[in-house]
Amino acid sequence: MNFDYTEEQLALKAQIRAFCEKEIKPEMRRLEDAQVYPLRTIKMLGEMGFMGMPFPKEYGGMGLDYLTYVMLVEEISKISPSHGVAVQTHHALATWPIFTYGTEEQKRKYVPDLASGRKIGAFGLTEPNAGTDAAMQQTVAEDKGDYWLLNGSKMFISGAGVADVYVVMAMTDKSKGNHGISAFIVEKGMPGFSFGTNEDKLGIRSSTVAELLFNNCRVPKENLLYEEGKGFKVAMTALDVGRLGIAAQALGIAQESFDMTVRYMKHREQFGKPLSSLQALSFTMAELETKIEGARFLLYRAADHLDQGKSDISVTAAKAKLACSTVAMETTLKAVQFHGGYGYIKDLPLERYMRDAKITEIYEGTSEVMKMVISGGIFGRGAKHEEKQVRILKDAGELKAVLAEHPGDICWSGGRGLTTAGFEKLKQLAEKTGGGFGASRGAVRAGLAKEEDQVGLTGRTVAPAVYVAVGISGMTQHLAGMKGSGLVVAINRNPQAPIFAAADVGLVGDAEEILDELLAIL
């Protein structure tokens, strides 16, 4: 792969840099101190075409590839990381999901205004109890026939109150966990939609952040984005694209801090010689430049994968974000250190870059989450956003045959979908098969099983050859306790229960009756 800049890319980089130096840089101190969203200059970027860079010209975009897009976000972020995140949020988390998953009517209605910067886009996923774990969302959307009724709130939303169009995630069926999340296009001004106060942040202070508040907010039926229950996929794939923009933001911070430090070290003298002649400092700069260049190639490679149309860029995007955000934090810390007292005062932007760099390790997936995604790719756990395909069996007789194909220990575990009699049947099956016995947290709280029987995040962890989950809905905390099992069997009356998404085989029907059949034939 050749990532040398083309003449067009160099011209665009020069154009962006000149604009940032002339229009953005003089206002940065005032905007950051006052925590004011830079609407004037964002609108100017839109007029120049830079708020719709990767979208087709027929929808009002510039028709650029994503490789060029990340190069330009990097260039903007060298002067203003706050502008960088505003641009990438608008592109990746609002316009991209509408363009990718929207109907033709939705695309024609929203994308041209967004791509031109006439309207600003934002994204609503995070809640007080739902950050990394999206299934913990409390915002709900009820189908009222002619419209959806949204109730709940979102927090830490970039551009809240300023943006015009929001892609918002809400639960349409809580029993399905991640598969009960749907995505909606919500417009500023819709009745019942309001905003909280701006958060007082450590860094990126002119990228305003506030709550989204939904109080019986009516959303037109046609504003459901993609399909009901597919919001988790919309959110996760948008975040993959968003991570490229955050990586570019971090890279811009790292590069500008590095370049400033190089210039300073060349002319700053101590003990009769420039700092650049001190080996300890110059070797550190050599290491930093190598890391910056390595991070840049990871980012450009991930953007190139997106341009190639690769179906899953989760791992490559995670590597890019992890590398770029890590080197941004490391570079800014060293830049401040090498500048001494000058680096610590606000006359230079280095202390701001150091504060701005920290958030790149946190938002749109923390560094720890990036490592989870990358390690999942290494060890085969994957990071795909599609549902696991479960094989649905016809009856207990088929299940008996499946169990015979998988010899080894069996754990028979029950949930609130069973009665006291059902748990007695489970214990009988455990005894008949020489297996173990378990229960969900809900079943324990309902008095159907003992606390020591509980399997899950707040209970014990099991990893039998076969795990049979009977009458268990399968929420996140329970899945954490049985995810190491060889074969997972789900038995539930509700075919949409989340446990089926984690199961290898399933049996739909009355759990008590199925247990009776199993007792008779095993």
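These legends describe close-up views of a predicted model.

**View 1. Helix α13 and its buried side.** Helix α13 spans residues 396–405, and its buried residues are A396, L399, V402 and L403. These four residues lie on the same side of α13 because they cover an arc of only 110° around the axis. An α-helix has 3.6 residues a turn, so residues three or four places apart point the same way. The exposed residues A404 and E405 are carried on the face of α13 that is turned away from the buried side.

**View 2. Surroundings and start of α13.** Strands and a helix are included in what covers the buried residues of α13. Among the strands are β11 (391–392), β12 (410–414) and β14 (466–470). Also included are β15 (487–492) and β16 (505–508), together with helix α18 (511–521). At the start of α13, the backbone nitrogen of G397 has a side-chain oxygen of D395 within 3.1 Å.

**View 3. Q106 in helix α6.** Q106 belongs to helix α6, which runs over residues 104–115. With a relative accessible area of 4%, Q106 is buried, the cut-off for buried being under 20%. Leaving aside residues up to four places away in sequence, Q106 touches I98, V111, I185, E222, N223, L224 and L225. One of these contacts, E222, is 116 residues from Q106 in sequence, yet the C-alpha atoms of Q106 and E222 are 8.3 Å apart in space. For L224, the backbone oxygen lies 2.9 Å from a polar atom of the Q106 side chain.

**View 4. Q454 in a loop.** Q454 sits in the loop between α15 (441–445) and β14. Its relative accessibility is 6%, so Q454 counts as buried. Residues up to four places away in sequence are not counted among its contacts. On that basis Q454 touches A439, S440, R441 and V444, as well as G459, R460 and Q477.

**View 5. A nonpolar patch on the surface.** The patch is formed by Y342, Y344 and I345, which together have about 370 Å² of accessible area. Of the patch residues, I345 is found in the loop between α10 (341–344) and α11 (350–359). I345 has a relative accessible area of 37% and is therefore partly exposed, a class that lies between the cut-offs of 20% and 50%.

Key: Residues are numbered from 1 along each chain as its sequence is written. This is a predicted model: local features need pLDDT of at least 70, side-chain atom pairs count only at pLDDT 80 or more; totals for chains, interfaces and linings use all residues. Side-chain values use heavy atoms; hydrogens and water are left out. Buried means under 20% relative accessible area, exposed over 50%, partly exposed in between (1.4 Å probe, protein chains only). Helices (H or I, at least four residues) and strands (E, at least two) are DSSP runs, numbered from the N terminus. The arc is that of the directions from the helix axis to the C-beta atoms. Contact means heavy atoms within 4.5 Å. A polar contact is a pair of N or O atoms within 3.5 Å; within protein, one must be able to donate a hydrogen and the other to accept it, and residues adjacent in sequence count only if both atoms are side-chain atoms. Patches are made of residues with over 30% relative accessible area and no salt bridge: like charges are joined within 9 Å, nonpolar side chains (Val, Leu, Ile, Met, Phe, Trp, Tyr) within 5 Å. Accessible areas come from the Shrake-Rupley method with a 1.4 Å probe; for residues, only the protein chains shown count as cover. A salt bridge is a side-chain nitrogen of Lys or Arg within 4 Å of a carboxyl oxygen of Asp or Glu.
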